[in-house]
Amino acid sequence: MPTIETSSTSVPLQSRVPLVRLEGITKSFGGVQALRGVSFDLLPGEVHALLGENGAGKSTLIKILSGVNTRDGGVLEVAGEETTFRSPAESRNAGLAVVYQELSLVPSMSVAANLLLGREPQNRLGLVKRRQLMREVEAFLETYNMPLNPKAIVGDLPFAYRQMTEICKALMGNVRILVLDEPTSALTGGEEEVLFDAVKRVTERGVGVIYVTHRLSEVFRLSQRVTVLRDGSNVATFATSETTMKSLVAAIVGPGHEGLRSATEAVASDAVAADAAATAAPQVEPFLKMSNVVNDRLRGVDLAVRPREIHGLAGVVGSGRTEILQTVFGLRKVASGELQIDGQARKVRNPIDAIRLGVALAPEDRHEQGLVLSHTIERNMALPRIGQLSRFGWFRRGASVQRSHEAIKELAVKAPGPSTVVGNLSGGNQQKVVFGKWRDPTPKLLLLDEPTVGVDVGAREEIYGVIRRAAQGSTAVLVASSDLVELLLLCHRISIVVDGRIVKTVSRAELGNEEDLHHLIQESQSLAQESQS
């Protein structure tokens with residue numbers, strides 16, 4: 001296998017020999033043709049975006065590159081030499097690192113231990129040189145300006161910081177081809193800037209980056225070229241500087257979806273509609289009211305969410321957004337203060353209590369917390385409703401299957417039927433199954449934590465429709481999201497969360513665009529820090 005050094009002087013960026021080239025790649029799983037002659041190449045020092053709806057073939061292509069799957073046909077070349085990766089180890093040894101949405105960290109170990117796992121400096125007796133390990137990690141984190149504590153236990157970190165740890169783990173190897181799969185899915189503006197700076201630094205060393213994302217604004221921010229896949233085939237490869245948001249959306253969703261708007265184009269008109277709905281809605285009593293709620297992460301939260309309202313929670317990673325949702329759903333205990341649901345003070349001791357009160361949660365990590373990937377759609381949708389689907393101690397399978405059929409149809413889940421294993425679905429369809437769990441009966445309060453993480457532009461619009469229809473049907477919706485455009489698209493009001501407290505709540509009408517909301521978050525953060533000092 002040929003090698004390429006990754007120092008800034010050894011690989012001129014103008015070199016036209018691709019780091020990796022795929023030509024006519026085909027792959028089938030049973031009777032399903034996942035890839036139909038896909039071609040792709042990556043140049044040294046380039047960020048090449050790979051786009052497509054969930055199920056377009058992106059993941060299969062990446063798994064062939066990473067040695068998880070082998071191709072049925074076509075050519076794979078690395079640095080001009082044809083090869084086949086028969087295992088992830090072979091791919092890694094060739095200098096290719098993949099950062100998936102599903103993280104591969106050891107939760108019980110520190111950040112530093114995870115970053116050098118399997119590559120620890122050792123003495124003659126084979127014992128780990130812990131001080132040297134820590135020095136190497138600290139120097140790396142400083143070089144890339146990563147806001148990670150090397151001594152922190154990974155399992156104690158917010159999801160976004162675990163994701164950043166995974167990216168650092170990939171970068172610390174002898175990497176020449178870096179694949180990033182939805183790397184900003186849980187990052188806020190400040191963390192995104194750290195990631196973008198890290199990408200810039202590695203490309204300056206000649207590393208090529210394959211960037212998989214559903215956030216099209218990032219494509220224009222980072223990439224030099226973009227390739228779009230649809231139904232396992234190439235649609236086109238564009239020079240990013242020569243394309244537009246509208247043309248990219250059209251290429252991704254294909255004919256018959258010309259009315260689909262990108263999030264950027266939709267913000268202004270949807271914001272007007274959201275404000276109109278909020279103004280027209282009667283000012284009924286809040287379904288959820290938190291009064292000075294304190295626990296292990298919250299420091300006196302005051303919040304009210306009314307029926308028919310979509311209320312957003314914005315803030316930096318670790319601010320307490322997720323913990324507010326977890327507290328309402330009974331995953332965290334209330335130490336002091338009062339939690340009112342449906343007009344009465346409640347003690348929600350666990351999720352069972354919350355579900356009985358009409359509260360539903362779509363968690364941030366759907367794989368770990370929202371779904372059982374090895375189970376079918378029908379079993380997943382039945383899980384929170386087993387009591388209602390049982391009679392005299394017997395589970396009514398027929399009623400459960402019928403309920404799943406109705407949810408699949410209503411939510412447009414792309415699956416053969418209720419017996420489909422959830423792990424075989426695309427990310428967007430998995431998220432629809434999470435929503436389907438709570439469809440019948442309709443929840444009175446819907447808690448959403450990063451509701452469109454890893455979801456393509458088409459499925460995202462469909463999920464927004466589900467959320468809006470829930471609110472129109474009198475459900476109160478509380479949504480925490482690091483995607484500021486998403487909050488502006490959906491919400492009637494937005495609360496800023498800083499260090500376990502809500503420091504400010506504004507109506508959507510007070511915010512013009514994403515920059516206004518980002519500035520408000522930063523301003524709130526600064527004021528909170530000044531008051532503490």
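Select His 48 in strand β3 and then Ile 210 in strand β8: the two residues stand opposite each other. The model is predicted, so local features rest on pLDDT of at least 70 and side-chain atom pairs on pLDDT 80 or more, whereas totals for chains, interfaces and linings use all residues. Residues are numbered from 1 along each chain as its sequence is written, and side-chain values use heavy atoms, with hydrogens and water left out.

**Strand β3 and its partners**

Extend the selection to residues 47-51, which form β3. Helices (H or I, at least four residues) and strands (E, at least two) are DSSP runs, numbered from the N terminus. β3 pairs with β8 (residues 208-212) in the parallel sense over four bridges; two strands pair if DSSP finds at least two bridges between them. Strand β9 (residues 225-230) also pairs with β3 in the parallel sense, over four bridges, and there Leu 51 stands opposite Val 228.

Display the side chains of β3 next. Val 47, Ala 49 and Leu 51 point one way, while His 48 and Leu 50 point the other way. In a regular strand the side chains alternate between the two faces of the sheet. Five of the five residues of β3 are buried, so the strand is largely enclosed by the rest of the structure. Buried means under 20% relative accessible area, exposed over 50%, and partly exposed in between (1.4 Å probe, protein chains only).

**Helix α5**

Move to residues 159-171, helix α5. Of its 13 residues, 12 are buried, among them Phe 159, Tyr 161, Glu 166 and Lys 169. At 1.5 Å a residue the helix should span 18 Å, and its end C-alpha atoms are 19 Å apart, which agrees; the expected span is 1.5 Å times one less than the number of residues.

**The six-stranded sheet**

Select the strands in the order β16-β19-β20-β13-β21-β22, which form an open sheet with mixed pairing. β16 (359-362) and β22 (501-507) stand at the edges with a single partner strand each, so one side of each is left without a neighbour in the sheet. Neighbouring strands are turned by 20° against each other on average, direction ignored.

At one edge, β16 pairs with β19 (residues 445-449) in the parallel sense over four bridges, and Ala 360 stands opposite Leu 446. Now add helix α10 (residues 321-328), which packs on the sheet, its direction making about 145° with that of β19. Helix α16 (residues 457-472) lies across β13, β19 and β20 and runs at about 125° to β13. Axes are lines fitted to C-alpha atoms, for helices over the stretch in contact, and angles run from 0 to 180 degrees between N-to-C directions.

**Ser 524**

Select Ser 524 in helix α18 (residues 514-532). At 6% relative accessibility, Ser 524 counts as buried. Not counting residues up to four places away in sequence, Ser 524 touches Ile 496, Val 498 and Val 503, where contact means heavy atoms within 4.5 Å.

**The whole chain**

Finally, show the complete chain, which contains 18 helices and 22 strands. Of its 533 residues, 54% count as buried. Among contacts between residues at least 6 apart in sequence, 67% join residues at least 24 apart.
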